[in-house]
Amino acid sequence: MAGTFRSITPLVPAGGDFAEALAFYTQQLGFVVEWQGEEMAGVRRGTVALNLVQNTNRVWAENASASIGVDDLDALYAEYRGIPAQVGSLELKPWGRREFHLVLPSGVCLQFFAEPSGPPRAAP
């Protein structure tokens, strides 16, 4: 099979005020800007990259979500609890994973979960 997939970078709707959204991602969420155009930017925190896209379609934003695994969920939760967003409770879910949800001003939902330690599991 030709061409091995190496990464995925989701397009994330940023809302109508792109400068405000970019400031939120950098100042509140701790991302850094890798590149920027007039209506789109690439941001990164650690190994997680997102492409922010200016948009005025609230329906798209409210139906966009991503799950992000982290190595210190408690520290991240403490960091994000005071930001101007809807931060849900840190919970152990019935399926055995600790996680919390964050709904951004744009309407996008980010789910953060405790990434298991150790080497990644091989695909079956």
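A residue counts as buried under 20% relative accessible area, as exposed over 50%, and as partly exposed in between. The exercises below use a predicted model.

**Exercise 1. Classify E79 and its salt-bridge partner, R45, by accessibility.**

Step 1. The relative accessible area of E79 is 37%, which makes E79 partly exposed.

Step 2. R45 has a relative accessibility of 30%, so R45 is partly exposed too.

Step 3. In the salt bridge between R45 and E79, the closest N and O atoms are 2.9 Å apart. The pair links distant parts of the chain: R45 is in strand β3 and E79 in helix α3 (residues 73-80), 34 residues apart.

**Exercise 2. Describe how strands β2 and β3 are joined.**

Step 1. Strand β2 covers residues 32-36 and strand β3 residues 40-45; the two run antiparallel and are joined by four bridges.

Step 2. Three residues lie between β2 and β3, and the two strands form a hairpin.

Step 3. Within this pairing, V33 stands opposite V43 of β3.

Step 4. Side chains add a link: E34 forms a salt bridge with R44, with 2.7 Å between the closest N and O atoms. Because E34 belongs to strand β2 and R44 to strand β3, the pair ties together parts that are ten residues apart in sequence.

Step 5. Check the accessibility of both partners. E34, at 45% relative accessible area, is partly exposed, and R44, at 27%, is partly exposed.

**Exercise 3. Explain how E62 and R58 are placed in helix α2, and state their salt-bridge distance.**

Step 1. The structure holds six salt bridges. One of them joins E62 and R58, whose closest N and O atoms are 2.8 Å apart.

Step 2. Both residues belong to helix α2 (residues 58-62); they are four residues apart, so about one helical turn separates them.

Step 3. E62 has a relative accessibility of 47% and is partly exposed. R58 has a relative accessibility of 42% and is partly exposed.

**Exercise 4. Give the strand order of the four-stranded open sheet, and place helix α1 against the sheet.**

Step 1. The order is β1-β4-β3-β2, and the pairing is mixed.

Step 2. The edge strands are β1 (11-15) and β2, since each pairs on one side only.

Step 3. On average, neighbouring strands in this sheet are turned by 35 degrees against each other, direction ignored.

Step 4. Helix α1 (residues 18-28) lies across β1, β2, β3 and β4 (48-54). Relative to β4, helix α1 runs at about 160 degrees.

**Exercise 5. Identify the residues of the largest nonpolar core that touch the most other members, and the elements that supply the core.**

Step 1. The largest nonpolar core has 28 residues. Those that touch the most other members are Y25, L29, L52, Y80, L104 and F112.

Step 2. Two or more residues of this core come from each of β1, α1, β3, β4, β5 (65-70), α3, β8 and β9 (109-114).

Step 3. Helix α1 gives the largest share, five residues.

Step 4. Take L104 as a worked case. Apart from neighbours within four places in sequence, L104 is in contact with F24, Y25, L29, A85 and L110.

Step 5. For background, nonpolar side chains in soluble globular proteins tend to be buried together.

**Exercise 6. Decide whether L102 is buried or exposed, and list its contacts.**

Step 1. L102 is in strand β8 (residues 98-103).

Step 2. Its relative accessibility is 0%, so L102 is buried.

Step 3. Neighbours within four places in sequence are set aside. The contacts of L102 are then L29, Y80, I83, A85, Q86, V87, V108, C109, L110 and F112.

Step 4. For a distance in sequence and space, use V32: L102 and V32 are 70 residues apart in sequence, and their C-alpha atoms are 19 Å apart.

**Exercise 7. Locate K93, classify its accessibility and describe its contacts.**

Step 1. K93 sits in the loop between β7 (91-92) and β8.

Step 2. The relative accessible area of K93 is 17%; the cut-off for buried is under 20%, so K93 counts as buried.

Step 3. The K93 side chain makes a polar contact of 2.5 Å with the side chain of E91.

Step 4. Not counting residues up to four places away in sequence, K93 touches E99 and H101.

How values were computed: Residues are numbered from 1 along each chain as its sequence is written. This is a predicted model: local features need pLDDT of at least 70, side-chain atom pairs count only at pLDDT 80 or more; totals for chains, interfaces and linings use all residues. Side-chain values use heavy atoms; hydrogens and water are left out. Two strands pair if DSSP finds at least two bridges between them. A salt bridge is a side-chain nitrogen of Lys or Arg within 4 Å of a carboxyl oxygen of Asp or Glu. Buried means under 20% relative accessible area, exposed over 50%, partly exposed in between (1.4 Å probe, protein chains only). Axes are lines fitted to C-alpha atoms, for helices over the stretch in contact, and angles run from 0 to 180 degrees between N-to-C directions. Contact means heavy atoms within 4.5 Å. A polar contact is a pair of N or O atoms within 3.5 Å; within protein, one must be able to donate a hydrogen and the other to accept it, and residues adjacent in sequence count only if both atoms are side-chain atoms. A nonpolar core is a set of buried Ala, Val, Leu, Ile, Met, Phe, Trp, Tyr and Cys residues joined through side-chain atoms within 4.5 Å.
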